[in-house]
Amino acid sequence: MGKKVIVVNFVAKHSYIFVKRMIEGLSHNNCYIFAIVSKNMKGLEEWKELDNIEFYEVDGYTDTITFGIKLIKFYFTDTKMIRKRVRELKAVSMYIPICTYWSWFINQILLDLPLIYAMHDPIAHGSRISLIRLFNYFLGKKAKTIIILSETFREYVKKVYKKLDNQIITIPSGHESLEETINKVELIHYDNSKVNFLFHGRIDKYKGLHILAEAYEKLHNKYDDVTLTIAGSGDFKEYQVAFDRLQDCRIINRWLTDEEIKGLFNDKSVITVLPYISATQSGVINVAMPNGSPIIATRCGGIVEQICDKETGYLIKPNSVTALYEKMEYVVNHREELDKIRQNAYKRMKNLSWDKLARKLEKVL
């Protein structure tokens with residue numbers, strides 16, 4: 001075959017664009033991929049268009065009710081075939097691009113393979129213990145190499161997971177440009193005479209949506225040429241009352257396809273707002289920046305490595321309605337400087353091509 005064979009452990013309900021891009025990059029860089037995926041994964045057909053990838057489809061996680069049954073079925077029907085094929089291919093390592101509910105179990109049947117684990121959240125959000133949080137910890141302890149997305153967490157990972165410096169590799173997420181998407185979907189038609197603020201991402205407590213609602217309400221009371229869009233899956237009930245009273249505000253509360261996500265940024269009047277209370281990093285930044293959307297984000301976690309304040313975006317103090325309101329108002333009143341912000345951000349993102357990042361990853365696989 002002549003290529004390095006890598007097992008990709010990614011049994012998930014949804015396809016993540018950054019996972020697909022990295023796998024594609026590896027396939028361009030001397031790797032043959034044996035991908036263990038869920039036959040139920042949305043977007044699987046698009047994955048099958050990629051070269052140098054062989055798929056093994058399992059009946060993966062769809063809900064908590066059937067989780068145990070499907071896991072038992074997996075051990076009885078899939079384990080032997082997966083092990084047999086991995087031996088035939090002479091795979092050299094296993095790569096987990098993000099922790100899912102199945103990551104630990106897939107890893108357990110292939111323990112002889114060195115594990116390279118991309119740890120997106122070295123410090124878990126909130127204090128609640130969950131399966132994902134436990135799996136993240138155990139996979140980190142087991143991993144030969146941990147991939148982190150920003151240097152901010154290197155010392156923490158060294159201490160908690162007992163790793164040496166050379167066992168931790170920093171590989172940021174790559175850029176996603178509208179230019180690469182033919183079939184983007186226009187979910188929203190923006191009025192480009194206004195400043196259209198956008199929050200995109202999974203709805204979660206650490207994302208600061210209450211702060212955003214309060215800051216935007218204050219802003220709209222003073223300016224009538226602003227709008228707000230909230231787009232992402234997750235439980236929105238906690239925020240419904242606060243957002244129901246807002247004017248010129250649209251809520252799209254569901255999982256969005258890659259094409260729909262790109263369509264959110266399809267206008268130069270869009271300003272991305274990330275009012276996180278805490279964070280490790282944000283994949284939204286890597287979609288917004290190359291698509292010409294300036295960003296207002298909080299100074300927390302690895303976001304300070306993703307955005308250079310007043311050069312590639314705007315950084316503010318976290319958990320502050322006043323700080324967010326003042327920066328949103330600043331953008332409304334200083335639209336003339338946004339083109340320079342866009343140009344700087346675009347240049348930074350062009351250096352983060354997936355092929356270049358995949359070459360760095362391939363060296364440790």
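I began with the strands and found that 7 of them form an open sheet, in the order S3-S2-S1-S4-S5-S6-S7, with parallel pairing. I note here that this is a predicted model. Strand S3 (53–58) and strand S7 (168–170) stand at the edges with a single partner strand each, so one side of each has no neighbour in the sheet. I then looked at the twist, and neighbouring strands of this sheet are turned by 20° against each other on average, direction ignored.

At the S7 edge, I saw that strand S6 (residues 145–148) pairs with S7 in the parallel sense over 3 bridges, and that Ile148 stands opposite Thr170 in S7. Helix H4 (residues 79–89) packs on this sheet, where it touches strand S1 (4–10), strand S2 (31–38) and S3, and its direction makes about 175° with that of S2.

Next I turned to the second sheet, in which 6 strands lie in the order S10-S9-S8-S11-S12-S13, an open sheet with parallel pairing. Its edges are strand S10 (249–252) and strand S13 (314–316), each left without a neighbour on one side because each has a single partner strand. I traced strand S9 (residues 226–231) to S10, which it pairs with in the parallel sense over 4 bridges; the bridge partner of Leu228 in S10 is Cys249. Helix H8 (residues 209–222) lies across strand S8 (195–200), S9 and strand S11 (270–274), and runs at about 160° to S9.

Last, I looked at the surface, where Tyr101, Leu131, Leu134, Tyr137 and Phe138 make a nonpolar patch of about 420 Å². Leu131 belongs to helix H6 (residues 131–142), and I recorded Leu131 as partly exposed, with a relative accessible area of 40%.

Definitions and conventions: Residues numbered from 1 in each chain as written. Predicted model: local features only at pLDDT ≥ 70, side-chain atom pairs only at ≥ 80, totals over all residues. Heavy atoms only, no water. Pairing = 2+ DSSP bridges. Helix = DSSP H or I, 4+ residues; strand = E, 2+ residues; numbered from the N terminus. Axes fitted to C-alpha atoms, helices over the stretch in contact; angles between N-to-C directions. Contact = heavy atoms within 4.5 Å. Patch = residues over 30% accessible without salt bridge, like charges linked within 9 Å, V, L, I, M, F, W, Y side chains within 5 Å. Areas by Shrake-Rupley, 256 points an atom, 1.4 Å probe, with all protein chains shown as cover. Salt bridge = Lys/Arg side-chain N within 4 Å of Asp/Glu carboxyl O. Buried < 20%, exposed > 50% of the residue type's maximum accessible area, 1.4 Å probe, protein only.
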